[in-house]
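Here is a quick tour of one model, taken a feature at a time. Have the viewer open as you read.

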Amino acid sequence: MSFKISTRKMTKSLKLKLLYTFTLISLLVSVNTIWTIFSLNDLSQSIDNIMQFNYNSIEAAQNMSIAIERQDSAQLAYMFNADSEPNEIFIENQQEFLKWFSRAEDNITEPNEDKIISEIISHYKLYLNQYNTLISIQVTEGSSASRGFYYSEILPTFENLKLELRNLQNINQNAMLDKKNKAHNNGTQASILIFASSFFTLILIALIGIYTTGRIVKPLHSLIENVKIISTGDYSKKLSIKGNDEITELSKEFNTMLEKLRHFESMNIRRIMEESKKSEAIVKSIEDPMIVTDKENNIILLNEAAQKLFSSDEVNSINKHFLEIIKRDDIFENIKNSMEKNIPSELIDIDIEFEGSNNHFRMYSNPIKNQTGNNIGVITLLQDITKLKEVDNLKSEFVSTVSHEFRTPLTSIIMGTDIMLNHVIGEINDDQEEMLKAIKEDGERLKILVNDLLDLSKIQSGKITYDMKPNNLYDIIKSSHHQFIKTAEMHSIKINTIVDEDIPKIYSDASKIQLVINNLLSNAIKYTPHDGSGIINIKAYTSKGNVYVSVDDNGPGIPYEYRSKIFDKFIQVPSVTQKREGSGLGLAICKEIILAHNGQIWLDEANKNGSKFIFSLKVED
Ligand code: ADP
């Protein structure tokens, strides 16, 4: 299945949206910056202009003052020196005065300045007239009359003119001061305005940012929420399709995918149901009884064989506790154990009454694990071994009969060879002696085998009776130690026996327990080095209501591949049992005896150096 999303269109659209936003933001920032530059520029320009106007008027007033001063001096010089010609300096400065006056006249900026200007020109005109009058008085009446005219008429006009010129200067100076203060205030105002406009622009940009990201992210959020719901397996959800942007595009594609998933799921469910029907049919067709229980030990499946065996039908058994339907504590214990420890059980043989006869079953429980490895139940199989058991019994009986029949002739053979080897019935040559010795050795080995076979078949068939009573384990171990100490010494082996003297009494058949310890001890002696380095330890101790007896040695040990079957019949480790001294039945006999005592026997896997066999027996309360 493939999903196609038109990424080209989506990228383009996303790009556009972001482009619009950034263009808008850039525009806002640019407008704000341009406005700031303009307003600052404008402010400085207007200050310059205003200042320039006032400055021009002041300059004109100053220059007019200088010109009039010079005219006055020229006039005085004319009066006192009685020059015939009108003073040249006077004329020059008159032009200068009028030049600066016309500038001042063109530069009226302040209130009342026009009045001062007209006062100046009217005083100046008067001054000029008076000057002409002074010249004619000088010519006609003489210098003393002209001086009188000067002091009475011209000087007051001169003073008035000077006053007006000062007024012009003052009015412009004050105006400059005023404008400087105003410009300062305007500058502060402009700063505040620029700050406010920048702040407003920033807020606007932030709002645009929030709005735009909100518009992009909000639909994505709802998409994520819906995807989360869908990921839990709820394909019934559908994304709402609004608008015309890429999110809508994505939602459309998503809904198409959902549709396909729904279809796929329904196909899957159908397939799973078919598969489950198939598995159910397979399970039901298994001939051996099978029970499946869940974590709470409730039955979730009983195949037909199990229904028949326990006389119960599936409908009434499902979801009921195991013991409610099948009143077998031994099977339940096995299931519970497997469930709790999360490991497959051992194969355990049990008897079940079925259709009036005693049937034998081999029980096996195995935990069921889910995909994450957690235990979710237990499957228990009961393999009907009634027929196998019958054959085994027949075989055991046969072995037992044959062994029994072998015993007498074997004893005769061994006795006969003994007599011959002792030259009781005549001399024998060396070859005959060799042969007789070989016959005797084989005969004795056969006798051991026959005896072991007989013992085992008696134990397994239940023909053997156990003389159960409280026995002192300390005495049993001490007796074994005694029996084997000579043989051990013969092979330069050291035996250490460490037994707590106050070890509790064990309810057991002393001779059988003795047989077990003897078997373990004789094996240890057999397989431990005979070069003086051999050490055997026998230990007995109590722990948590059990008595433990262990026999360990520093021999070759049991190879890994033989460990799980070392207690089976006829198992011998070829590399160890080179001379085929034993029968391969000793450990099998030990196991049968210990199991008959409700105990356990095992090989200690943790022991790395040599072999260590341990058996445990329950201490009676
Ligand atoms: P067997 O009569 O052959 O000793 P057992 O059943 O007593 O029969 O032992 C089975 C085999 O286990 C032996 O043949 C031997 O290979 C191995 N075995 C038993 N005990 C020991 C031991 N202490 N050290 C090494 N191998 C041992």
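## Model and confidence

A word on naming before we start: helices and strands here are DSSP runs, helices being H or I runs of at least four residues and strands E runs of at least two, all numbered from the N terminus. By that scheme, α3 is followed by glycine 142, which has a positive phi, near 100°.

Keep in mind that this is a predicted model. The average pLDDT for the protein is 86, and 95% of the residues come in at 70 or higher, that is, at least 70. Residues 1–11 are another story, with pLDDT below 50; leaving aside near neighbours in sequence, that stretch has 11 contacts in the model.

## Helix α3

Let's go back to the helix that ends just ahead of glycine 142. Helix α3 covers residues 113–141, and its 29 residues should span 42 Å at 1.5 Å a residue; the end C-alpha atoms sit 40 Å apart, so the two values agree.

## Strands β7, β9 and β10

Strand β9 (residues 535–543) pairs with β7 (residues 494–499) in parallel, through 6 bridges. Lysine 494 sits opposite isoleucine 535 of β9.

β9 also pairs with β10, this time antiparallel and through 8 bridges. Alanine 540 has valine 549 in β10 as its bridge partner. The β9 and β10 hairpin has 2 residues between the strands, and lysine 544 there adopts a positive phi near 45°.

## The largest pocket

Now for the empty space. The largest pocket has a volume of about 2,200 Å³. Its lining is made up of 47 residues, with Glu346, Leu347, Ile348, Lys591 and Leu595 lying nearest the centre.

Which helix gives the most to the lining of this pocket? That would be α10 (residues 386–421), with 6 residues. By class, the lining of the largest pocket splits into 16 nonpolar, 16 polar and 15 charged residues.

## The second largest pocket

The second largest pocket holds about 860 Å³ of space. It is lined by 40 residues, and nearest its centre are Asn519, Ser522, Asn523, Lys526 and Tyr527. This lining breaks down as 19 nonpolar, 15 polar and 6 charged residues.

Several elements each supply at least two lining residues here: α11 (430–460), α12 (473–490), α13 (510–527), β10 (546–553) and α15 (586–596). α13 gives the most, with 10 residues. β10 thus turns up again: it lends residues to this lining and is also the antiparallel partner of β9.

Key
Residues numbered from 1 in each chain as written. Predicted model: local features only at pLDDT ≥ 70, side-chain atom pairs only at ≥ 80, totals over all residues. Heavy atoms only, no water. pLDDT = per-residue confidence, 0-100. Contact = heavy atoms within 4.5 Å. 1 Å grid on protein atoms, 1.4 Å probe; cavity = no way out; pocket = protein on both sides within 12 Å on 5 of 7 lines; lining within 4 Å. Points joined across faces, edges and corners; volume = space filled by probe spheres on them. Nonpolar A, V, L, I, M, F, W, Y, C, P; charged D, E, K, R; others polar. Expected span 1.5 Å × (residues − 1). Pairing = 2+ DSSP bridges.
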